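Dear colleague,

Please find the structure below, together with the sequence, for you to look over when you have time. My notes on what was found in it follow directly after.

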Amino acid sequence: MYSGLHSSSSIIEKLQKSLPETAKPCHFQKMVFIDDTIVAIATPVGQGGIGIVRLSGPDSIRIGQKIFVPKNRNKLSGARSHSMLLGNIINTSDGGMIDEVLVSVMCSPNSYTKEDVVEINCHGGMISVKRILELAIKNGARLAEPGEFTRRAFLNGRISLTQAEAVLDLIKATTEESLKIAMLQLKGDLSEKLDHIRNVLIDILATTEAHMDFPDDEIEPGTSEKIKGQLNGIQREIDLLSGTFREARLFRDGLSTAIVGRPNVGKSSLLNALLKKDRAIVTEFPGTTRDVIEDLININGLPVRIMDTAGIRNSDDGIEQEGIRRSLDVLENADFIIAMFDGGEALQKDDFDLLDMISAKNAVITVNKSDLPLKIPLDIIKESGKQYLQMSVSSGGGLEELKSVIFNTNLKNWKEGREGTLVTNIRHKMSLDRSSSALSRAVKILSGGEPLEIFTIELRDALDNIGKITGAVTREDILDKIFSDFCIGK
Ligand SMILES: Nc1nc2c(ncn2[C@@H]2O[C@H](COP(=O)(O)OP(=O)(O)O)[C@@H](O)[C@H]2O)c(=O)[nH]1
Ligand SMILES: [Mg+2]
């Protein structure tokens, strides 16, 4: 009897081996990590050609089978992985048809989450997707949390934490260049580099701990020098990675750039010219712009969040004062400032105040209205030590030059076609810096001949901080924070 059982399982095994991974029905390779099944609408809410409701978890196929009736009478549970079935979604309580759909099945472990995934492609629009979502929930699925699909992909070991974060960057990318950088991270560029760093540190830790097991055995000077050399090398690699952050993160988050100046110098005109559309109201009356207006432009792949502000001057008007307060706020917090002056008028007190305000800022000065006779003494502008350029927004003169200045001033070390791994995420940068400091301390301890125990504490600290980046070392609260930035359905 037992041998019979044995032979049937080996038949399955044989069958399993003979099929390509994606051609196996799901029950051949159950690999369940988490016991509940989640569901969400994966496409944006609104009208569209199609909408997708996505299920992931051990019961996806069972739930799918309950609500979906295929046209060709095949069962969903017998469907080949990565195949699609045409059929209807049927209301389980009254048997009514909800929508005609295409259902795809992706079996564990060959899916986004590594779990069984069912995706229901229905007609776009609010009603159909919502009804299918509700039906799936009624039949045993739970509404997914933001980013929960990607979180499962991470927890099930399909991707590292940096790769999961890259998925979010990919969704949010606004230029081709930002997309390219996110793709590199998704490919695992950064995780690979960090895994290498981790492995070297683990080796050193193992060597040291082996020495500690034999307290009489002093660590020989030769070994100690070798370890120091290795640690210095690793620290250099970490610092190089961390050093890419300042510029690389601009491609991820965008460069926030504020146009500031007293009223009527041409700030709103400049915003419109950069955007090539009439975004802000332009009039000859000072004080027209009351609020901060923000929009996105692309300068050589750099997303620039450009902000037009209310003119900064002394004003008794309550609404204008609030606008000015917001302008000052933006001036304080922006990555880059375009300080604008009207070249057709003599400098006024508000202009001198502005020169003061930007003195310690990352800023460029533009002297606008160069089509009019110049009334500003350029010497005073030069004295500020800031880069300046003359332009005429209304005739388009100087616009391209301004764009190059924005790019080149903020990306001094950026080279086109550059190679190497980039760090774009502040979380990664902070952990890298902590790791680097721990390594500095470790080397110092080793040089000072202090006990190896103290040395290993620092080494572990360095190691942990690298592990936190890729997710090799994780904490729930960090995961919660990372995935809460995602949308539901990803
Ligand atoms: N002559 C001249 N006028 C300009 C130029 N740029 C803007 N203006 C005019 O200056 C006035 C104020 O422009 P606006 O963009 O509303 O200035 P803001 O108050 O700084 O936002 C409008 O009448 C514009 O047409 C320019 O380059 N040359
Ligand atoms: Mg304005």
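**Backbone notes and the first sheet**

His82 lies in the loop between S3 and S4, and although His82 is not a glycine, its phi is positive, at about 60 degrees. A second backbone feature is the peptide bond from Ser108 to Pro109, which is cis, with omega near 5 degrees; Pro109 belongs to the loop between S5 and S6. For comparison, most residues other than glycine have a negative phi, and most peptide bonds are trans. Please bear in mind throughout that this is a predicted model.

The strands just named belong to an open sheet of 7 strands, ordered S3-S4-S5-S6-S2-S1-S7, in which the pairing is mixed. Strand S3 (68–70) and strand S7 (142–143) stand at the edges with a single partner strand each, so one side of each has no neighbour in the sheet. Strand S1 (residues 38–41) runs parallel to S7 and is joined to it by 2 bridges, with Ile38 opposite Arg142 in S7. Helix H3 (residues 126–138) packs on this sheet, where it touches S1, S2, S4, S5, S6 and S7, and its direction makes about 15 degrees with that of S2.

**The second sheet**

Another open sheet, also of mixed pairing, is formed by 6 strands in the order S9-S10-S8-S11-S12-S13. Its edge strands are S9 (293–299) and S13 (387–390), each of which pairs on one side only, and the twist from one strand to the next averages 25 degrees. S12 and S13 pair in the parallel sense over 4 bridges, and Val364 stands opposite Gln387 in S13. Helix H10 packs on this sheet and touches S8, S9, S10 and S11, its direction making about 150 degrees with that of S10.

**Surroundings of the ligand**

Which helix gives the most to the shell around ligand 1? Helix H10 (residues 267–275) does, with 3 residues. There are 21 residues around ligand 1, of which Gly266, Lys267, Ser268, Ser269 and Ser394 come nearest. Sorted by class, this shell holds 5 nonpolar, 12 polar and 4 charged residues.

**Domains**

The domain assignment divides the chain into domain 1 (9–144), domain 2 (163–244 + 423–484) and domain 3 (254–410). Taken over C-alpha atoms, the centres of domain 2 and domain 3 are separated by 42 Å, while 5 residues of domain 2 are in contact with 6 residues of domain 3. On the side of domain 2 that touches domain 3, the residues divide into no nonpolar, 3 polar and 2 charged.

**Confidence**

Over the chain the mean pLDDT is 88, and 92% of the residues reach 70 or more. Confidence is highest in strand S12 (residues 363–368), with a mean of 98, and lowest in helix H1 (residues 2–18), with a mean of 39. Over residues 1–32 the pLDDT stays under 50, and for this stretch the model has 28 contacts beyond four places in sequence.

With best regards

Technical notes. Residues are numbered from 1 along each chain as its sequence is written. Chains are lettered from A and ligands numbered from 1 in the order in which they are written. This is a predicted model: local features need pLDDT of at least 70, side-chain atom pairs count only at pLDDT 80 or more; totals for chains, interfaces and linings use all residues. A residue is near a molecule or strand if its C-beta atom, placed from the backbone, lies within 6 Å of it. Ala, Val, Leu, Ile, Met, Phe, Trp, Tyr, Cys and Pro count as nonpolar, Asp, Glu, Lys and Arg as charged, and the others, Gly among them, as polar. Two strands pair if DSSP finds at least two bridges between them. Two residues are in contact if their C-beta atoms, placed from the backbone, lie within 7 Å. Axes are lines fitted to C-alpha atoms, for helices over the stretch in contact, and angles run from 0 to 180 degrees between N-to-C directions. Domain bounds come from an automatic or database domain assignment. pLDDT is the predictor's confidence in each residue, from 0 to 100.
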